[in-house]
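Got the viewer open? Here is a short walk through the model, one selection at a time.

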Amino acid sequence: MVAALQSHRKDLEIAKEHDLPDAKSRALDNIGRVFARVGKFQQAIDTWEEKIPLAKTTLEKTWLFHEIGRCYLELDQAWQAQSYGEKSQQYAEEEGDLEWQLNASVLVAQAQVKLRDFESAVNNFEKALERAKLVHNNEAQQAIISVSICQPLGWGGVEWVARLSAPLAFPQLLIAHPSQGTGRQGAGFDLCHC
């Protein structure tokens with residue numbers, strides 16, 4: 001990973017030196033991925049935030065906001081995770097991409113669980129489940145269904161809790177970037193029983 005980071009930093013340096021915005025965007029993307037994979041989430045966030053103004057498409061923004069939100073979730077900064085998840089969700093809806101709507105809904109719901117906003121979390125998990133069914137993503141459906149009903153609460157008599165023992169290992173989390181074709185990796189979330 002060290003060699004990859006050095007190579008991507010050199011790419012960024014050359015892109016800046018020759019005023020090549022596409023190359024700069026690509027280098028920032030790759031640097032952020034390396035940081036995320038090695039667990040340096042704040043560095044990944046900082047790198048990807050620098051890339052935001054360079055994002056050209058709605059789909060690229062969807063992916064970028066999702067990954068920044070995931071990093072914030074890893075850092076237990078749920079407000080920021082929710083905010084970036086909502087931005088990702090907005091762009092995914094603009095794009096009409098159900099897979100990304102699914103991923104963004106789960107991210108928002110996971111952040112809401114950490115914020116103890118259970119009613120909103122349930123609503124977002126339900127949206128995610130609907131989208132998982134529409135795109136025939138059985139893995140996502142099973143993960144969402146595994147959200148546990150754990151203890152009494154004032155509204156509706158139950159509290160839905162999705163505990164994130166380890167919200168997600170980043171190699172599974174990093175969903176295929178829009179520039180890398182339409183293939184998608186895993187659903188990008190890990191829900192476990194209480």
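Before you click anything, one cut-off to keep in mind: a residue is buried when its relative accessible area is under 20%, exposed when over 50%, and partly exposed in between. Bear in mind too that this is a predicted model.

**Whole chain.** Start with a cartoon view. You should find nine helices and two strands, and following the sequence gives the order α-α-α-α-α-α-α-α-β-β-α. Colour by accessibility next: 48% of the 194 residues come out as buried. If you draw contacts between residues at least 6 apart in sequence, 58% of them link residues at least 24 apart.

**Helices 1 and 2.** Now select residues 2–17, which are helix 1, along with residues 21–37, which are helix 2. Their axes sit 8 Å apart and make an angle of about 155°. Angles over 145 degrees count as roughly antiparallel, so that is the label for helix 1 and helix 2. The handedness of this crossing is left. To see the contact itself, show side chains: helix 1 contributes Ala4, Leu5, His8, Arg9, Asp11, Leu12, Ala15 and Lys16, while helix 2 brings Ala23, Lys24, Arg26, Ala27, Leu28, Asn30, Ile31, Val34 and Phe35.

Stay on Arg26, one of the helix 2 residues in that contact. Is it buried, exposed or partly exposed? Its relative accessible area is 42%, so arginine 26 is partly exposed. Pull up leucine 54 as well: the two are 28 residues apart in sequence, with 9.4 Å between their C-alpha atoms.

**Helices 4 and 5.** Next, pick residues 58–74 (helix 4) and 78–95 (helix 5). Here the angle is about 160° and the axes are again to be found 8 Å apart. That angle makes helix 4 roughly antiparallel to helix 5, and the crossing of these two helices is left-handed. On the helix 4 side, the residues in contact include Thr62, Phe65, His66, Gly69 and Tyr72; on the helix 5 side, look among others for Ala81, Tyr84, Ser88 and Tyr91.

Zoom in on tyrosine 72, in helix 4. With a relative accessibility of 9%, tyrosine 72 counts as buried. Leaving out residues up to four places away in sequence, the neighbours that tyrosine 72 touches are Ile45, Glu49, Gln77, Gln80, Ala81 and Tyr84. Glycine 85 is worth a click too: it lies 13 residues from tyrosine 72 in sequence and 9.9 Å away, C-alpha to C-alpha.

**Helix 6.** Move on to residues 98–114. Put a distance on the end C-alpha atoms and you get 24 Å, which agrees with the 24 Å expected for 17 residues at 1.5 Å a residue. Most of helix 6 is covered, with 15 of its 17 residues buried. At its start, find aspartate 97: one of its side-chain oxygens comes within 3.1 Å of the backbone nitrogen of glutamate 99. At the other side, just after helix 6, check the backbone of arginine 116, where phi is positive at about 65°.

**Helix 7.** Last stop: arginine 131, in helix 7 (residues 118–134). Which side of the cut-off does it fall on, buried or exposed? Its relative accessibility is 12%, which is why arginine 131 counts as buried. Show what surrounds it: apart from residues up to four places away in sequence, arginine 131 touches Gln89, Glu93, Leu98, Gln101, Leu102 and Ser105.

Key. Residues are numbered from 1 along each chain as its sequence is written. This is a predicted model: local features need pLDDT of at least 70, side-chain atom pairs count only at pLDDT 80 or more; totals for chains, interfaces and linings use all residues. Side-chain values use heavy atoms; hydrogens and water are left out. Helices (H or I, at least four residues) and strands (E, at least two) are DSSP runs, numbered from the N terminus. The expected span of a helix is 1.5 Å times one less than its number of residues. Buried means under 20% relative accessible area, exposed over 50%, partly exposed in between (1.4 Å probe, protein chains only). A polar contact is a pair of N or O atoms within 3.5 Å; within protein, one must be able to donate a hydrogen and the other to accept it, and residues adjacent in sequence count only if both atoms are side-chain atoms. Axes are lines fitted to C-alpha atoms, for helices over the stretch in contact, and angles run from 0 to 180 degrees between N-to-C directions. Angles under 35 degrees count as roughly parallel, over 145 as roughly antiparallel, 65 to 115 as roughly perpendicular and the rest as oblique. A crossing is left-handed if the near helix is turned anticlockwise from the far one by less than a right angle, and right-handed if clockwise. Contact means heavy atoms within 4.5 Å.
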